[in-house]
Amino acid sequence: MRLILLGAPGSGKGTQAALLAEELAIPAISTGEMLRQAVAAGTPLGERIEKVMSSGDLVDDAILGEVVKTRLAREDAKGGFILDGYPRTLAQADQLAEILVGMEAEQDGVLYLQVPEPELVKRILGRQRADDKEDVIRQRLLVYRRQTQPLVDYYEQRGLLMPIDGDRPVDEVAAALLEALGRMVEA
Ligand code: AMP
C-alpha cells in the first residue's frame with residue numbers, strides 16, 4: 001500500500017505512521033526525520049535547512065522532491081510505504097504524483113488525522129524538540145493552515161481522502177486507521 005498521512009504538527013502522524021508501518025510491514029518515511037538527519041550531518045545544505053526548520057517554515061519544495069524521489073527509489077519502498085509529513089504543499093502533491101508516475105505506481109489513499117488546534121498546541125508543548133518552542137509552534141501551525149490544509153480539498157477531489165478523528169487515545173486512533181484501510185481495500 002502506498003499511503004500518505006496528512007495532519008497538522010502534533011496530530012500524531014509520526015506515532016501512527018510507526019504503528020501502521022509495523023502492522024503493514026512497509027516503511028514509514030518521515031521527511032522531518034530525514035531533514036533532521038541532514039542537519040545533523042552538518043553539511044552546508046544542512047545548515048541552510050536548519051535555519052528554515054528552526055523558524056517553523058517549510059523547506060524548499062525542490063529539496064523535498066529530491067529527498068523523496070531518492071528515498072522512494074530504495075528497495076524497501078517497492079512494496080509500499082507510508083509518507084509522514086510529505087506532501088505539505090500543493091506543489092509537493094503534484095511533485096509526488098509525478099514521482100509516482102515515474103515509478104509506474106499509484107497512491108492508494110490519504111489518511112487525514114483531525115485534531116483541534118488547542119489540543120495540537122498542548123501536545124507539541126509536551127515534546128522537547130528544538131523547533132517546538134511556543135512562537136515556533138504558532139508559526140508552524142500558521143504555515144500548516146496556509147500551505148498544507150489546502151491538500152485536504154486536493155485529495156478529497158481525487159477521491160483519496162480518509163478523515164480520521166485523531167483526538168483520542170493512540171490505540172483508538174490506530175484502530176480507526178486500520179478500519180479505514182480495511183474499508184478502502186474492500187471498496
Ligand atoms: P516534522 O517532523 O514533519 O514536523 O517536520 C519538521 C520540520 O521539517 C517542518 O517544520 C519543516 O520545516 C520541515 N519539513 C518536514 N517535511 C517537510 C516538507 N514535506 N516540506 C517542507 N518542509 C518540511
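Mentor: Let's start with empty space: about 660 Å³ of it lies in the largest pocket. Keep in mind that this is a predicted model.

Trainee: How is such space found, and which residues lie nearest the centre of the largest pocket?

Mentor: Rolling a probe the size of a water molecule over the atoms shows where empty space is left. Here, 38 residues line the largest pocket, and Lys13, Gly32, Arg88, Arg129 and Arg140 lie nearest its centre.

Trainee: Which helix gives the most to the lining of the largest pocket?

Mentor: That is H2, with five residues. Strand S1 (2–7), helix H1 (13–24), helix H6 (117–125) and helix H7 (134–148) each supply at least two residues, as does H2.

Trainee: How does the lining divide into nonpolar, polar and charged residues?

Mentor: The lining of the largest pocket has 14 nonpolar, 13 polar and eleven charged residues.

Trainee: Now the ligand. Where does the ligand sit?

Mentor: Look in the largest pocket, and you will find the ligand there. A good next step is to list its neighbours. There are 16 residues around the ligand, and those that come nearest are Thr31, Asp57, Gly85, Gln92 and Arg140. You have met Arg140 already, among the residues nearest the centre of the pocket.

Trainee: Which helix gives the most to the shell around the ligand?

Mentor: Helix H2 again, covering residues 31–40, with four residues in the shell. By class, the shell around the ligand holds six nonpolar, four polar and six charged residues.

Trainee: How do I read the contacts with nitrogen atoms of the ligand?

Mentor: Look for pairs of N or O atoms within 3.5 Å, the cut-off for a polar contact. Thr31 uses a polar side-chain atom, 2.8 Å from a nitrogen atom of the ligand. Gly85 and Val59 use their backbones instead: a backbone N or O atom lies 2.9 Å from a ligand nitrogen in the case of Gly85, and 3.1 Å in the case of Val59.

Trainee: And how much of the ligand's accessible area does the protein cover?

Mentor: The protein covers 96% of the 480 Å² that the ligand has on its own.

Trainee: Last, the backbone. Which residues does a cis peptide bond join?

Mentor: Check the omega angle: between Tyr86 and Pro87 it is about -5 degrees, and the bond is cis. You can find Pro87 in the loop between strand S3 (81–84) and helix H5 (90–102).

Trainee: What is the phi of Ala25, and where does Ala25 lie?

Mentor: Its phi is positive, about 55 degrees, although Ala25 is not a glycine. Ala25 lies in the loop between H1 and strand S2 (28–30).

Technical notes: Residues numbered from 1 in each chain as written. Predicted model: local features only at pLDDT ≥ 70, side-chain atom pairs only at ≥ 80, totals over all residues. Heavy atoms only, no water. Near = heavy atom within 4 Å. Polar contact = N/O pair within 3.5 Å; in protein donor to acceptor, adjacent residues only side chain to side chain. Areas by Shrake-Rupley, 256 points an atom, 1.4 Å probe, with all protein chains shown as cover. 1 Å grid on protein atoms, 1.4 Å probe; cavity = no way out; pocket = protein on both sides within 12 Å on 5 of 7 lines; lining within 4 Å. Sits in = over half its atoms within 2 Å of the grid points. Nonpolar A, V, L, I, M, F, W, Y, C, P; charged D, E, K, R; others polar. Points joined across faces, edges and corners; volume = space filled by probe spheres on them.
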